[in-house]
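Trainee: Before I trust the words used for a model, I would like to see how each one is earned. Could we go through them one at a time?

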Amino acid sequence: MKSAKSYILENKQRFIDELIELLKIPSISANSNYKADVIHTADAVKNSLQKAGCDEVEICETPGFPIVYGEKIIDPNLPTILVYGHYDVQPPDPINLWDSPPFEPVIKTTALHPEGAIFARGSCDDKGQMYMHVKALEYMTSTGQLPCNVKFMIEGEEEIGSESLGWFVERNQKKLENDIILISDTGMIAPDVPSITTGLRGLSYVEVEVTGPNRDLHSGLYGGAVANPINILTQMIASLHDENNHITIPGFYDQVEELSKLERAKMGEAPFSLEAYKKALDINDVHGEKGYTTNERNSIRPTLDVNGIWGGYIGEGAKTVIASKAYAKISMRLVPNQNWEAITELFKNHFERIAPKSVSVKVNPHHGGQAYVTPIDCLGYKAAEKAYEATFGKTPIPQRSGGSIPIVALFEKELKSKTILMGFGLDSDAIHSPNEHFGIWNYLKGIETIPQFYHYFTMMSK
Ligand code: BES
Ligand code: MN
Ligand code: MN
């Protein structure tokens with residue numbers, strides 16, 4: 001029987017070339033100018049699933065971008081793994097900060113990727129990680145080693161809130177029936193420190209608009225006598241944290257799940273160097289909620305961050321003006337038990353309440369989602385642990401992540417199954433940033449580890 005290692009070695013160049021072709025298509029879901037490219041990517045994914053051995057593949061139309069579905073059912077009595085991933089990518093902006101064009105993939109080595117990494121938007125998030133599953137399937141089908149049933153569901157709206165996927169899942173519970181959901185869309189600690197993501201934060205995303213006078217005004221004639229919406233907005237935003245960096249919205253922490261001392265102590269055992277962290281980001285110090293470590297702040301604690309702020313004159317030179325309006329986009333990362341819709345409501349009420357009479361405020365909620373935690377005593381987690389032991393020679397560390405994949409909580413609600421997050425990216429892979437990349441070693445290690453999960457999950461399900 002051919003091992004994954006030797007199959008990967010023989011097909012390495014082709015695996016890389018195929019991924020590079022996929023990365024050339026700019027499937028930017030947020031920008032309507034790229035609509036045709038997003039749809040074209042769905043077709044490419046469909047074809048790749050067919051070639052990799054799926055018996056049924058289809059493009060499922062939705063109110064938004066299509067969902068690519070594929071399956072190979074070998075025996076209804078065997079367990080079924082549902083693989084989820086996304087083929088859409090974040091906008092590449094700011095484009096001038098890329099060392100090479102975002103949709104012209106190149107391979108370069110870095111300190112953390114001595115074997116080379118593919119630089120392109122979507123290389124790690126999530127085309128590269130999604131494609132590991134396609135190649136793992138190819139290996140299993142072409143060598144007669146697929147041990148169970150598999151379904152693929154690859155969507156094109158993850159980066160804009162997965163609205164159509166929610167719609168699709170609610171209508172296709174039977175079709176999507178499974179025993180475990182498997183996703184590679186997260187990271188791991190380091191190549192020699194394998195980890196499995198056991199938590200995702202929830203999200204509430206809002207946009208705020210502060211309006212002062214009915215038109216832009218001369219800042220000399222009117223300055224000092226009327227509210228400047230930009231001044232007011234920044235004051236309001238500043239007041240959302242207190243001196244300990246606690247969020248000041250009344251009720252915000254009411255439902256927050258507090259971890260036990262033991263759980264926090266266990267979390268603290270994961271290898272982490274604050275010095276290396278600061279150095280990698282070129283910062284003199286970290287910043288965050290008092291009483292919590294850096295790793296706690298970015299995983300088990302909720303946050304509030306301005307993602308963008310604008311208004312007034314930002315062109316060349318100076319223009320003396322008091323703008324009529326100021327805007328900001330604000331995200332709140334949430335933890336288990338915080339209901340994202342309730343938090344959005346709390347934010348809205350609070351923000352409207354703290355606005356002075358001299359301005360009017362509008363809060364427009366965007367998308368959101370619930371946090372998720374994978375229990376480490378479930379069958380899927382144990383199978384994943386065995387899979388990593390087989391390919392890394394080490395027991396993976398369970399680690400909660402700060403990122404969000406809001407659809408995962410909905411999967412549990414609608415499909416009643418647990419999700420296993422086997423991510424192979426590194427935090428330094430610059431997802432959502434300029435120069436995103438994905439290590440070739442990580443890519444191939446993922447392809448090697450995934451079949452082990454299939455093997456152990458099937459074996460342990462008996
Ligand atoms: N793959 C990421 C989420 C992620 C990355 C989780 C690394 C854990 C570790 C996903 O594509 C993403 O970017 N999600 C968005 C949320 C979405 C609603 C736009 C996020 O976390 O900002
Ligand atoms: Mn992703
Ligand atoms: Mn993303």
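Mentor: Let us start with Glu257, which sits in the loop between helix H5 (229–238) and helix H6 (261–267); helices (H or I, at least four residues) and strands (E, at least two) are DSSP runs, numbered from the N terminus. This is a predicted model, in which local features need pLDDT of at least 70, side-chain atom pairs count only at pLDDT 80 or more, and totals for chains, interfaces and linings use all residues. Residues are numbered from 1 along each chain as its sequence is written, chains are lettered from A and ligands numbered from 1 in the order in which they are written, and side-chain values use heavy atoms, with hydrogens and water left out.

Trainee: Why is Glu257 called partly exposed?

Mentor: Buried means under 20% relative accessible area, exposed means over 50%, and partly exposed is in between (1.4 Å probe, protein chains only). Glu257 has a relative accessible area of 27%, so Glu257 is partly exposed.

Trainee: And why does Lys72 count as buried?

Mentor: Lys72, in strand E2 (residues 67–72), has a relative accessible area of 18%, and therefore Lys72 is buried.

Trainee: What makes the pair of Lys72 and Asp55 a polar contact?

Mentor: A polar contact is a pair of N or O atoms within 3.5 Å; within protein, one must be able to donate a hydrogen and the other to accept it, and residues adjacent in sequence count only if both atoms are side-chain atoms. The side chains of Lys72 and Asp55 make such a contact at 3.3 Å.

Trainee: Which protein atoms are donors of the manganese ion (ligand 2)?

Mentor: Donors are N, O and S atoms within 2.8 Å of the metal (3.2 Å for Na, K and Ca), and water is not among the atoms, so sites may look incomplete. For the manganese ion (ligand 2), the protein donors lie 2.0 to 2.4 Å away and come from His86 (NE2), Asp125 (OD) and Asp185 (OD), with Asp185 (OD) listed twice.

Trainee: Why is the site of the manganese ion (ligand 2) called irregular?

Mentor: Four donors count as tetrahedral if all angles lie between 85 and 135 degrees; four count as square planar and six as octahedral if opposite donors are over 155 degrees apart and all others between 65 and 115; anything else is irregular. The site has 6 donor atoms with angles of 56 to 166°, and 56° fits neither range for six donors, so the site is irregular.

Trainee: What joins the manganese ion (ligand 2) and the manganese ion (ligand 3)?

Mentor: Asp125 bridges them, and the two ions lie 3.6 Å apart. Asp125 is in the loop between E5 and H3, whereas Asp185, 60 residues apart from it, is in the loop between strand E7 (180–183) and strand E8 (195–200).

Trainee: How do you know that Asp125 and Asp185 are buried?

Mentor: Asp125 has 7% relative accessibility, so Asp125 counts as buried, and Asp185 is buried because its relative accessible area is 11%.

Trainee: Which residues supply the protein donors of the manganese ion (ligand 3)?

Mentor: They are Asp125 (OD), Glu159 (OE), which is listed twice, and His432 (NE2), lying 2.1 to 2.6 Å from the ion. Glu159 has 15% relative accessibility, so Glu159 counts as buried.

Trainee: What contacts does ligand 1 make with His432 and His86?

Mentor: An oxygen atom of ligand 1 is 2.8 Å from a polar side-chain atom of His432, and an oxygen atom of ligand 1 is 3.2 Å from an N or O atom in the side chain of His86.
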